[in-house]
Amino acid sequence: MPIAYITRRERFNAAHRLYNKELTDEENLTIYGKCSHPNWHGHNFDLFVTIKGEIDSKTGFVTNLNNISKLIKELVIEKLDHRNINLDVDFMRGKIASTENLAIAIWGELKNPIETIGVGLHCVKIQETENNWVEYFGD
Ligand code: NI
């Protein structure tokens, strides 16, 4: 059976602040610039979840993307949307609220539930701005 990659996009908006609590305010400002502003800032994030699997000859699908959408919404979007990533999101607790760390944490939330459906998780991509995005492939 041929293998294909299918992608679902979900959107959320959320606030965060980039800082490392081990560092001084001055060091944080040097590393993160205005992203380290103590009173937070927000983004409209696009989350792309790519699934890998064999195409089912009966349906012509790898899997029904509605089921993937439901999983992403339940496990990830409901926890992130209109929230503060530093303060409100259980799977980001204790982590620097970078988009890299967010992609890895979302991978951790989705991997087993997606495999339970019988397909593989290939990539979690988060687009933070028009010009900046992160892709994580599980390495
Ligand atoms: Ni930011």
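Accessible areas come from the Shrake-Rupley method with a 1.4 Å probe, and on that basis the accessible surface of the protein chain comes to about 8300 Å², with 47% of this area belonging to carbon and sulfur atoms. The structure described here is a predicted model, and the paragraphs below go from the whole chain to its sheet and then to its metal site.

Along its principal axes, the C-alpha trace of the protein chain spans about 60 × 25 × 25 Å. Of the 139 residues in the protein chain, 38% count as buried. Among the contacts in the protein chain with a separation of 6 or more, 67% are accounted for by residues that stand 24 or more positions apart. As for charge, the protein chain carries 16 positive and 20 negative side chains, and the centres of these two sets lie 5 Å apart.

The secondary structure of the protein chain comes to four helices and five strands, and a reader who follows the sequence meets them in the pattern β-α-β-α-β-α-α-β-β. The five strands form an open sheet with mixed pairing, in which the order is β3-β1-β2-β4-β5. Because β3 (83-84) and β5 stand at the edges and each has a single partner strand, one side of each is left without a neighbour in the sheet. Strands of a sheet pair through backbone hydrogen bonds, and they do so either parallel or antiparallel.

One edge of this sheet can be followed in detail. Strand β4 (residues 120-127) and β5 run antiparallel and are joined by four bridges, and the two strands form a hairpin with five residues between them. Within this pairing, Val 124 stands opposite Tyr 136 in β5, while Lys 125 stands opposite Glu 135 in β5. In a regular strand the side chains alternate between the two faces of the sheet. Strand β5 (residues 133-136) has a covered face, made up of Val 134 and Tyr 136, and an uncovered one, with Trp 133 and Glu 135.

From the sheet we can turn to the metal site. The nickel ion is coordinated by the NE2 atoms of His 16, His 41 and His 43, at 2.0 to 2.1 Å, and in sequence these donor residues are spaced H-x24-H-x1-H. Which of the two donors His 41 and His 43 is buried, and which is partly exposed? His 41 has a relative accessibility of 22% and therefore counts as partly exposed, whereas His 43, at 14%, counts as buried; the cut-off that separates the two classes is 20% relative accessible area.

Two loop residues also deserve a look for their backbone angles. Trp 40 lies in the loop between α1 (25-32) and β2 (41-54), and its phi is near 70°, a positive value in a residue other than glycine. Because its relative accessibility is 32%, Trp 40 counts as partly exposed. His 82 is found in the loop between α2 (65-80) and β3, and although His 82 is not a glycine, it has a positive phi of about 60°. With a relative accessibility of 62%, His 82 counts as exposed.

Methods:
Residues numbered from 1 in each chain as written. Predicted model: local features only at pLDDT ≥ 70, side-chain atom pairs only at ≥ 80, totals over all residues. Heavy atoms only, no water. Donors = N, O, S within 2.8 Å, 3.2 Å for Na, K, Ca; no water. Buried < 20%, exposed > 50% of the residue type's maximum accessible area, 1.4 Å probe, protein only. Contact = heavy atoms within 4.5 Å. Lys, Arg positive; Asp, Glu negative; His and termini not counted. Charge placed at Lys NZ, Arg CZ, Asp CG, Glu CD. Pairing = 2+ DSSP bridges.
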